[in-house]
Structure formats: C-alpha cells, structure tokens
Amino acid sequence: MADLLRVNSILISAFFNLINRSKNMSKTIIVSNRLPVSLQHKFGKFEFKPSAGGLATGLGSIYKEGDNIWIGWPGNDVEDPNQRQEVSEELKKLKMAPVFLTKKDIELYYEGFSNETIWPAFHYFTQYINYEETYWQAYVAVNRKFCDAILESANPDDTIWVHDYQLLLLPMMLRETLPSATIAFFQHIPFPSYEIIRMLPWRKEMLEGMVGADLIGFHTYDDMRHFLSAVGRILGLSNESGYIQADNRLINVDSFPMGIDYDKFAKAAVSKKTLANVKKFKSLLGEQRLLLTIDRLDYSKGIPQRIKVFDELLEAHPEIHETVSMIMVVVPSRDKVKSYMELKEEIDTLVGGINSKYRTLNWVPVHYFYRSFPFNELSAFYSMSDIALVTPLRDGMNLVCKEFVASKTDKKGVLILSEMAGASKELVDAVIVNPNDMLAVKKSILTALNMPEDEQVNRITTMQESLKKYDIFQWVKVFMDRLQNVKEKQQEFQSKAIDKALMKELEKKFKAATDPVLFLDYDGTLVGFKNRPENAFPDKELLDIIDKLAGKCHVVIISGRDKETLGKWFANQRVDMIAEHGVWVKRSEAESFELYAEVDDSWKPDIRQVMDYYVLRTPGAFIEEKHHSLVWHYRKVESGLGDLRMRELFSHLKYMASGHNLQVLEGNMVLEIKRPDINKGRAAIGLLKGESHDFVLALGDDWTDEDTFKAMPKDAYTIRVGYAYTQADYNIKNPTEVRQLLTSFVH
Ligand code: GDG
C-alpha cells in the first residue's frame with residue numbers, strides 16, 4: 001500500500017513537472033557544495049563514485065528528469081583546462097555540472113569559513129568560532145563562483161534549489177541577475193538563536209544572502225523561529241506566520257523535517273547480504289546485547305561524553321559486564337583541522353582506557369572503528385543492534401536514528417535519542433535524553449536494556465509509521481509544492497503591481513483631467529519609517545513635489561498624525577489635511593483644523609489606566625493621547641518584549657473594548673483603541689461631498705488606508721504601498737516609487 005502511494009506521489013509530481021516544463025520549458029537546478037558523486041583520479045583517468053546518500057536519492061526524482069541538472073563541486077581539484085573539459089563532459093552524462101574549486105578555495109571557504117566559522121557557530125560551539133576575515137572573503141568569492149557556474153546554464157524562469165550553509169549568499173547573488181527565477185534554499189544544519197548569530201561580524205550579509213530565496217526551509221520549527229527572529233532584528237524585516245514581506249517580494253520560511261529512503265533500509269535489513277553479515281558478525285561477537293553508535297567525527301556529536309557514560313555505567317554495574325558491548329563507528333572527517341585532530345585523540349584515549357580497564361579474553365566493551373562501512377555492513381549493524389545511542393550535543397536532524405528505526409523489521413530495539421537532535425521533535429517515541437545529563441543518559445541505557453519487548457514493539461511501530469509516511473520522497477514533494485505555492489502567492493500580488501505602462505497611463509489621465517484630486521497618506525507612503533516618528537518630517541524633495549502638485553490639483557494629506565504635527569509640517573502648503581484618521585479636517589484656505597467628528601471620550605480614563613499599567617511594566621513604551629483615541633507605542637521597547645506586551649495588552653483591551661463599543665487596532669509598532677465609526681474613509685467622503693472630480697487617486701500603506709480605498713468612487717485609482725493583501729486596485733513598491741509617480745504628474 002505504502003509502495004503504491006509512493007509510486008503514485010512520484011507519478012503525480014512527475015506529471016506536474018512535465019506540465020510545468022511543457023508550459024514554459026523551465027528547468028530545475030539543484031545546487032550543493034558537493035555533487036552527489038566523488039571524483040577520483042586513477043591511473044590518469046577520472047572516475048566518479050556515486051554517493052548513496054538519502055538526499056541524492058530523494059533529489060534523483062528531480063535532477064535526473066528532462067533538462068534538470070545538479071551543480072556543485074566534484075570533490076577534487078582539477079587545474080588543467082583540458083582535464084576540466086573532460087570532467088565536465090563526463091558529469092554532463094550524469095546530469096551534473098561542476099564548480100571547480102582550487103586548493104586555496106577549499107582551505108579558506110570550505111574548511112575555513114564554512115567549517116571553522118559557520119559550523120561551530122550554528123551548532124552553539126562558540127569557543128571554536130574562527131573570526132577570520134580572509135575566510136569570509138573566500139566565502140564570498142566562492143559563492144560568486146557558484147553563482148557564475150549556475151548562470152552559465154540557468155534561464156530567467158528556472159527553479160533553483162540551493163542546499164546548505166556553505167552557500168548562504170548564493171540565493172541573493174542569483175536573484176540579482178535572475179529576478180524572476182524561482183529560488184529555494186534548504187539548510188541542513190541548525191539555525192541558532194539570534195544571540196549566536198549576532199556574534200558574527202558578517203551576520204547582515206549572510207541573512208541578506210538567504211532572503212534572496214522565495215522559500216527558505218529548515219528541519220525544525222525552532223530553527224525557523226530563530227531565523228525569523230534574526231531576520232527581524234538584523235534586517236528589520238517582520239513576518240506574519242512565516243511570510244516575510246521584503247520590498248516587493250513575499251518570502252516563505254517553513255520547517256521541513258527531512259526523511260530517509262525508508263524502503264531502502266527496511267528492504268536491506270532482510271536482504272541476503274545483510275542477513276549473511278549479521279550471521280557472521282554475531283558469531284564473532286558471541287552472545288552480546290549491542291549498543292550502536294554511528295557518527296561522523298565531530299565535536300557536535302558528543303562522542304567522548306558517550307564513552308564516559310558507558311564507562312561509568314560499567315563501573316556502577318558489574319553485572320552487565322560481558323553481556324553488553326558498544327559498537328562505535330566514527331566516520332573520518334575534517335581530520336586536518338586542529339580541533340578535530342584533538343577530538344580524535346581524545347576518543348582514542350577514552351576508548352583505550354575503557355577497554356583496558358574492563359575487557360576480558362572473550363569480551364570487549366567498545367568495538368571502535370575509525371572508518372566507514374559498505375552499506376550492507378551498516379545495515380547489518382542497524383538490524384543486529386539492540387539499542388542505538390544517538391546523543392549529539394547538537395544536530396540539525398540526524399538520519400542515523402531514523403535509519404536504525406527503519407531497519408528494525410522485527411520491531412524489536414530501543415532508540416535513545418538526544419533532545420538536541422532535530423529528529424527528536426518527530427521521534428517522540430524514542431527514549432529522549434539531554435546529552436549533557438550524564439546521569440540521565442546512564443539511566444536511559446539501563447531503561448533500554450530492561451525495556452519489555454511489547455513496549456519496544458509499540459514504540460518502534462509508531463516511529464516506523466511516521467518515518468514511512470514522511471520519507472525522503474515525500475519531503476521533496478512537500479518542499480516543491482510549497483515552493484509552487486509561494487510563487488502563486490507572489491503572482492497574486494504581482495498581478496496588482498504597478499508597472500511602467502500603468503504609471504504612464506496615470507500620468508496621462510492626471511494631465512488630461514481638469515479637476516483632479518489626490519488623497520495622500522503620509523507615513524509609509526510619502527516618507528519611509530524612521531526609528532523616531534518625529535524624525536519622519538517632510539524633506540525638501542517632498543515639499544517641492546507637494547507644492548507643484550498643489551498648483552495643479554486638489555491635494556489632501558490624510559494621516560493618523562495629530563493635527564499639530566501635520567499642521568506645522570504643511571503650514572505653507574495649499575493642501576487640505578485630515579488628521580488623526582478623520583477626527584480633524586482643515587481646508588487649505590481655512591485658518592485652523594475643525595473637529596469633524598463629535599467625540600465622546602468618557603471611555604478614556606478606564607482604558608488609560610490599563611495602558612498605564614503596561615507602560616510601567618515595559619521600559620520604552622509610552623501612550624499618545626489623540627482626540628478620539630489612545631495609542632500605545634512600543635517602537636522603542638526591546639525587540640521581542642514589545643511584541644509580547646502588545647499581545648497581552650491587545651487581549652486585555654479587546655475584552656474591555658466590547659463594553660465601550662470601541663475598536664482595537666494593531667499598527668506599525670503601535671496599538672490603537674478608538675471609536676470604530678471614525679476613520680479616514682468617512683472623512684474623505686466628507687471632503688468629496690458636493691464636488692466632482694474627473695481624476696481621483698488614493699495612496700496609502702496600511703489598514704487605516706483601506707477605509708479610504710473602500711470609500712473612493714468607482715472610477716478612482718487606489719494604490720497600496722508595499723505588497724500586502726488590499727482592497728486597493730494596485731500595489732506600488734515603496735515611497736520612492738510613489739514620489740516617482742507623483743513627480744511624473746508635475747513634469
Ligand atoms: C547534515 C546535518 C542532517 C554514516 N556512517 C556510514 C554511513 N553513514 C551515513 C548514514 C547517514 C549519514 O551518513 C549521516 O547522516 P546525518 O544526518 O547523521 O549527518 P550529515 O549527513 O553529515 O549532516 C544533519 C543531515 O545533514 C541531513 O539534512 O540530518 O543533522 O548535520 O545517512 O547512513 N554510510 C555508510 N557507511 C558508514 O560507515 N555507507
């Protein structure tokens with residue numbers, strides 16, 4: 001059944017791929033630091049050893065189709081141009097293209113910035129971070145090399161899926177040349193808290209690189225939330241439910257826990273080769289309960305800590321001597337880097353210590369291998385082991401634990417899993433431990449050794465069901481579906497985006513009109529936001545534009561600002577003004593503002609008392625009293641805390657508002673409570689009454705302007721600044737484009 005479903009889903013995705021391709025002939029490019037093959041130079045000839053990794057298998061359904069391609073470093077340096085040509089041709093047959101890196105590139109970009117700066121930082125090992133400027137420069141240069149290599153084969157409408165932390169800058173580099181391309185990014189390692197990211201001198205550039213993508217994926221919700229927080233604080237880009245509004249583009253950030261090729265592991269476990277290996281290994285080991293650990297050599301994996309726990313366990317429980325052995329596979333990695341060499345030495349010493357202390361003539365506590373094994377031997381290790389001890393101090397996902405579970409075809413076995421691995425969020429039926437709590441890890445081994453069989457079966461069965469469902473093929477499908485979804489959302493916005501032709505049309509109509517009127521919101525429309533609202537005063541360029549417009553048409557500045565500020569800023573202009581969202585109105589020829597709405601403010605003392613309480617609890621917050629409303633400002637509050645308090649105050653005020661017939665509204669770093677019937681739209685209609693204009697245009701940037709848009713006559717043009725859902729007819733990018741449009745009216 002599962003097989004059938006998987007085949008179906010592959011067929012469906014192949015069908016959609018086919019439709020997409022025939023529609024626009026666009027292709028998909030997968031990009032990763034390493035290609036899924038290893039280039040070896042033997043006897044003057046190049047050989048390619050394919051990688052059997054899960055990612056390569058999962059993405060096989062993509063890059064092997066049609067014109068699609070996988071671009072990356074083949075894993076060896078090739079300097080000679082003829083040899084490069086030869087390698088490229090060979091790779092082409094495998095649907096791949098190379099990015100050639102020099103020894104120096106590898107040393108500075110890969111071993112350097114990727115593995116000595118990003119890797120320790122993103123795994124919370126701040127003591128190992130190397131802040132080396134030359135590493136950073138090489139990182140930028142190599143990301144550029146990747147970009148150039150991709151641009152050689154990419155078309156403007158292609159889909160490009162970039163993988164992992166070595167290529168954080170690539171999405172934006174690609175976006176600059178291919179603005180309409182579909183670009184996705186997936187990070188396989190954790191994304192740490194803002195507190196870590198802020199330590200890196202290049203944090204801004206790294207995040208700017210990532211937001212070049214349309215879809216940014218992580219393994220867990222925590223990674224995603226850390227990323228959104230860093231983007232909010234460092235780039236000033238806020239998000240709503242994982243959607244970031246960056247200038248004119250909507251970006252989706254989401255979590256996609258990566259699965260494994262479940263069937264491959266389940267089938268291998270009962271294959272002839274594996275069974276033969278199990279038989280052979282078991283006869284060599286004798287009657288032992290087996291505790292399996294498999295990791296790449298890395299300080300994030302907690303290997304020494306694990307050996308120490310086993311040592312303490314053997315010391316405290318002599319009764320388990322000669323009954324339990326640990327099989328410890330450490331796959332060689334980065335062993336030229338000092339911290340890794342030291343780690344290797346530490347592991348060697350610890351294993352030497354434990355084995356010399358407890359071993360007997362027919363029992364070895366730790367069978368330690370510093371090498372990798374062929375797949376069927378690995379499969380044998382998984383299926384014959386009673387317990388998998390997967391206790392990384394930090395891990396993006398960890399696939400070993402998933403492979404162990406999938407290999408348990410008799411459903412007997414126990415998985416002990418670190419809560420610091422992404423997989424722990426999914427495999428909640430494992431025995432979950434804090435890897436730093438040595439006592440807890442020790443206890444968990446005892447629990448595992450004594451776990452009744454029916455409990456083992458229950459736990460493994462539940463985990464297997466989940467792993468079967470969310471396997472690597474499903475992961476690829478869900479990711480690609482999401483990418484298509486975000487593109488569709490972008491297109492919805494884009495269909496309303498103002499283009500050059502429309503700009504021209506507006507200019508023509510404005511110039512042809514005899515009595516045009518413009519309703520112009522101020523903050524976010526005519527000027528950008530400033531940290532201090534008082535600093536967003538009109539600059540000379542804006543005053544010039546308004547002055548010229550006022551000579552040609554009826555201009556109404558329609559804002560939420562108080563009448564004093566607005567009155568002062570536009571004192572010498574021939575414009576009408578609507579202040580405080582429609583409470584005050586001033587005709588250009590009038591001396592002063594007039595109250596447009598009779599206001600009952602008997603509700604204010606009660607509400608103010610509550611707001612005051614939140615000001616006292618929140619350094620930086622303050623209250624602004626307007627004629628018809630009270631506004632709680634939190635722009636100057638520590639980021640995060642402001643949001644938290646605003647949410648609390650929001651629910652508090654919402655409850656009170658119903659009693660007073662008031663409306664609570666969230667604005668840009670403000671919470672405002674006011675009477676619902678007073679709004680910009682009502683005041684705008686009031687101004688239009690009895691007048692007839694042959695050109696009406698309203699421009700605004702937030703929800704308060706939606707009332708204006710709704711109130712406009714049918715033939716009016718309504719334009720919202722920024723790309724948000726709106727009642728307006730069109731979207732325009734930012735205040736700069738607004739000024740360009742208005743300038744065209746008066747030139
Ligand atoms: C990143 C993230 C995330 C191991 N020993 C042998 C062998 N292996 C295979 C396993 C498994 C893979 O290596 C290791 O997978 P991990 O998930 O543990 O780690 P990485 O791939 O290094 O790293 C990680 C992952 O990306 C995916 O997003 O889970 O958190 O760090 O598949 O089977 N394979 C063979 N012999 C061995 O001796 N044949």
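Which residues do ring pairs link into a cluster? In this predicted model, the cluster is made up of Tyr109, Phe113, Trp136, Tyr139 and Trp202, joined through their ring pairs. That's one piece of a wider picture, as the structure holds 37 aromatic pairs. Take Trp136 and Tyr139: their ring centres lie 5.9 Å apart and the planes meet at 25°, and since planes under 30 degrees apart count as stacked, this pair is stacked. Both residues belong to helix α5, which runs over residues 133-153, and because they sit 3 residues apart there, about one helical turn separates them. As for solvent, Trp136 has a relative accessibility of 8%, so it counts as buried. Tyr139 is buried too, at a relative accessible area of 0%.

A pair with another geometry turns up at Phe369 and Phe373. Here the arrangement is edge-to-face, with 5.1 Å from centre to centre and 85° between the planes. Phe369 and Phe373 are both buried.

Rings also show up alongside charges. The charged end of Arg394 sits over the ring of Tyr124, at 3.9 Å from the ring centre. Lys264 does much the same kind of thing with Phe375: its charged end sits over that ring, 4.5 Å from the centre.

Now for another arginine, Arg334. This residue is found in the loop that runs between β13 (324-331) and α13 (338-358). Loop or not, Arg334 has a relative accessibility of 16%, and because buried means under 20%, Arg334 counts as buried. Its side chain makes a polar contact of 2.7 Å with the side chain of Tyr340. Setting aside residues up to four places away in sequence, Arg334 touches Tyr340 along with Asn115, Trp119, Tyr165, Arg296 and Asp298.

Last up is Leu699, which lies in strand β27 (residues 695-700). With 2% relative accessibility, Leu699 counts as buried. And what is Leu699 in contact with, leaving aside its neighbours within four places in sequence? The list includes Phe519, Leu520, Asp521 and Thr525, and it goes on with Phe709, Ile719, Ile732, Val738 and Leu742. As for Met503, this residue is 196 residues away from Leu699 in sequence, while the C-alpha to C-alpha separation in space is 14 Å.

Note on methods. Residues numbered from 1 in each chain as written. Predicted model: local features only at pLDDT ≥ 70, side-chain atom pairs only at ≥ 80, totals over all residues. Heavy atoms only, no water. Phe/Tyr/Trp six-rings, centres within 6.5 Å; stacked < 30°, edge-to-face > 60°. Helix = DSSP H or I, 4+ residues; strand = E, 2+ residues; numbered from the N terminus. Buried < 20%, exposed > 50% of the residue type's maximum accessible area, 1.4 Å probe, protein only. Lys NZ or Arg CZ within 6 Å of the ring centre and 35° of its normal. Polar contact = N/O pair within 3.5 Å; in protein donor to acceptor, adjacent residues only side chain to side chain. Contact = heavy atoms within 4.5 Å.
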